[in-house]
Amino acid sequence: MASTLVLLATACSGGSTVDDDVEGASESVSGSINAGYVSAIDQIGLPVGTELGLFEEQGIDVTLADPFPTGVDAITALTAGEVDVIQVGVPALAAAQEGVELALIGNYTGSAVQRSVDETAAIVAAEGSEIDPEDLSTLKGATIATTFGSINHLYLLGLLKDQRIDVEDVELVNTAPPDMPVALETGGADAAVNWDPWPITIQDQVEGSYEVVRGGGYIPFIGYIVTTPQFLEENPDLVEAFLTARAATDQWIRENPEDAADSAARWLTGTEPEVALAAMEYNVQQLDARFSSCNYLAADTVALLLEEQEALEYGFDINDLFAPAPILAVEENNPELFSDLPEVPTDAQIDPDFTFIREVAQNSCAV
């Protein structure tokens, strides 16, 4: 299975342009990491962290690879040794099914306090589509542009399931995100479903288009900071320092969304500052690097959704993917970096030796 996360643009280069001092954990290691990401709003934490100098504060020299077109490309680069750490979501599950050895060490988007969080996904409809935001049953019979096998596809499936609309009662058109505005303009689709900033961009580009629904908790949005088991085993202190810097970056973004949006507009060429700011409003609601049983449950839920659609054979153990020790150490040693987040439910808290059991996690995590 291939994810179809789409490259928005090539990231800009240059030093920090942010004047505010950001405090992270004190420097304790020295080393270098080659890191990769897909150029999108929800993955902007990695380049922003370099811009702010937060990795340098931890004693790490981070070199960013050119943004990858998709998460699949990022995983390929990781397994080939071209990068040491990547940010990737749904493709990690497909890779695990194919036997690729990965270590999920933290989140770049998600939630440690509930299973489902999807505020960065939305459906936008064309003028005259007769799709009513106040009555989602009007999606029945619509032609909807989505990207098969991607998180926007899963969001649509989750929403349809919640509304008791059979997938066969809508017409799905496999569409790359950049082509969705044209699909709405030309009548090729009544609506389009996507992740930010595309829902916002579409409304800017397509006259009369409007938002039908955003978020709603229909699926878990998953996005992981990932390395290889070998790199983690050989560099535990370096990985912990890297995650400390990423947690500090996330907190800075949560506390400074306008400045973060300005930074995103610089890194994502072609993204207007006002679009980045609108998208950042939703992005900060999913910035939680922590791990709990809810994150295991989220990955399990997405894998089951993919299996239902015959896009994945869920034959691997979720426990083999997660490596929670580094981020748990960051949480313990730097609680101030997470002080603005909701507390993880007691029953959902984990230790480095945690073993996921679906039925138990379902009772620990809010939907």
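The following questions and answers concern a predicted model.

Student: Which residues have the most contacts inside the largest nonpolar core?

Tutor: In soluble globular proteins, nonpolar side chains tend to be buried together. Here the largest nonpolar core has 120 residues. The residues with the most contacts inside this core are Leu93 and Phe242.

Student: Which helix gives the largest share of this core?

Tutor: The core in question is the one of 120 residues. Its largest share amounts to 10 residues. They come from residues 236-255, helix α9.

Student: How many residues does the other core have, the one that lies apart from it?

Tutor: Val124, Met180, Leu184 and Val206 are among the members of this other core. It lies apart from the core of 120 residues. Its residue count is 10.

Student: What does leucine 93 touch, leaving out residues up to four places away in sequence?

Tutor: Leu93 is one of the two residues named for the most contacts inside the largest core. With residues up to four places away not counted, its contacts include Ile222, Ala299, Val302 and Ala303. The remaining contacts of leucine 93 are Leu306, Leu312, Phe316 and Leu321.

Student: Is leucine 102 buried or exposed?

Tutor: Leucine 102 lies in the loop between α4 (91-97) and β4. Leucine 102 touches Ile75, Leu78, Ala92, Ala95, Val226, Thr227, Pro229, Asp320 and Leu321, apart from residues up to four places away in sequence. Its relative accessible area is 3% and the cut-off is under 20%, so leucine 102 is buried.

Student: What distance separates the C-alpha atoms of leucine 102 and isoleucine 75?

Tutor: Ile75 is among the residues that leucine 102 touches. The two residues are 27 residues apart along the chain. Their C-alpha atoms are separated by 8.9 Å.

Student: Against which elements do the buried residues of α10 pack?

Tutor: Helix α10 spans residues 257-267. Its buried residues are Ala260, Ala261, Ser263, Ala264, Ala265 and Trp267. They pack against α1 (45-52), β2 (60-64), α9 and α11 (273-283).

Student: Why are α1 and α10 roughly perpendicular to each other?

Tutor: The axes of these two helices come within 10 Å. Angles of 65 to 115 degrees count as roughly perpendicular. The pair qualifies because its axes cross at roughly 105°.

Student: How do the residues of the contact of α1 with α10 divide?

Tutor: On the α1 side are Pro47, Val48, Thr50 and Glu51. They meet Ser263, Arg266 and Trp267 in α10. The residues of this contact divide into 3 nonpolar, 2 polar and 2 charged.

Student: Which residue's side chain does a polar contact join to that of tryptophan 267?

Tutor: Tryptophan 267 is in helix α10 and is buried, with a relative accessible area of 6%. The polar contact of its side chain is 3.3 Å. The partner is glutamate 51.

Student: Is serine 116 buried or exposed?

Tutor: Serine 116 sits in the loop between β4 (103-109) and β5 (121-125). A polar contact of 3.3 Å joins its side chain to that of arginine 115. Its relative accessibility is 2%, so serine 116 counts as buried.

Student: With which residues is threonine 301 in contact, leaving aside neighbours within four places in sequence?

Tutor: Threonine 301 belongs to helix α12 (residues 293-308). At 14% relative accessibility, threonine 301 counts as buried. Neighbours within four places aside, its contacts are Arg115 and Pro220.

Student: Which residues does a cis peptide bond join?

Tutor: Most residues other than glycine have a negative phi, and most peptide bonds are trans. The cis bond has an omega of about 10°. Proline 197, on one side of it, is found in the loop between β8 (191-195) and α7 (198-205). The bond joins aspartate 196 and proline 197.

Student: What is the phi of glutamate 130?

Tutor: Glutamate 130 is in the loop between β5 and β6 (143-146). At 70% relative accessibility, glutamate 130 counts as exposed. Its phi is positive in a residue other than glycine, near 65°.

Student: What is the phi of arginine 164?

Tutor: Arginine 164 is found in the loop between α5 (151-162) and β7 (171-174). At 77% relative accessibility, arginine 164 counts as exposed. Although arginine 164 is not a glycine, its phi is positive, at about 60°.

Definitions and conventions:
Residues numbered from 1 in each chain as written. Predicted model: local features only at pLDDT ≥ 70, side-chain atom pairs only at ≥ 80, totals over all residues. Heavy atoms only, no water. Core = buried A, V, L, I, M, F, W, Y, C linked by side-chain atoms within 4.5 Å. Buried < 20%, exposed > 50% of the residue type's maximum accessible area, 1.4 Å probe, protein only. Helix = DSSP H or I, 4+ residues; strand = E, 2+ residues; numbered from the N terminus. Contact = heavy atoms within 4.5 Å. Polar contact = N/O pair within 3.5 Å; in protein donor to acceptor, adjacent residues only side chain to side chain. Axes fitted to C-alpha atoms, helices over the stretch in contact; angles between N-to-C directions. Parallel < 35°, antiparallel > 145°, perpendicular 65-115°, else oblique. Nonpolar A, V, L, I, M, F, W, Y, C, P; charged D, E, K, R; others polar.
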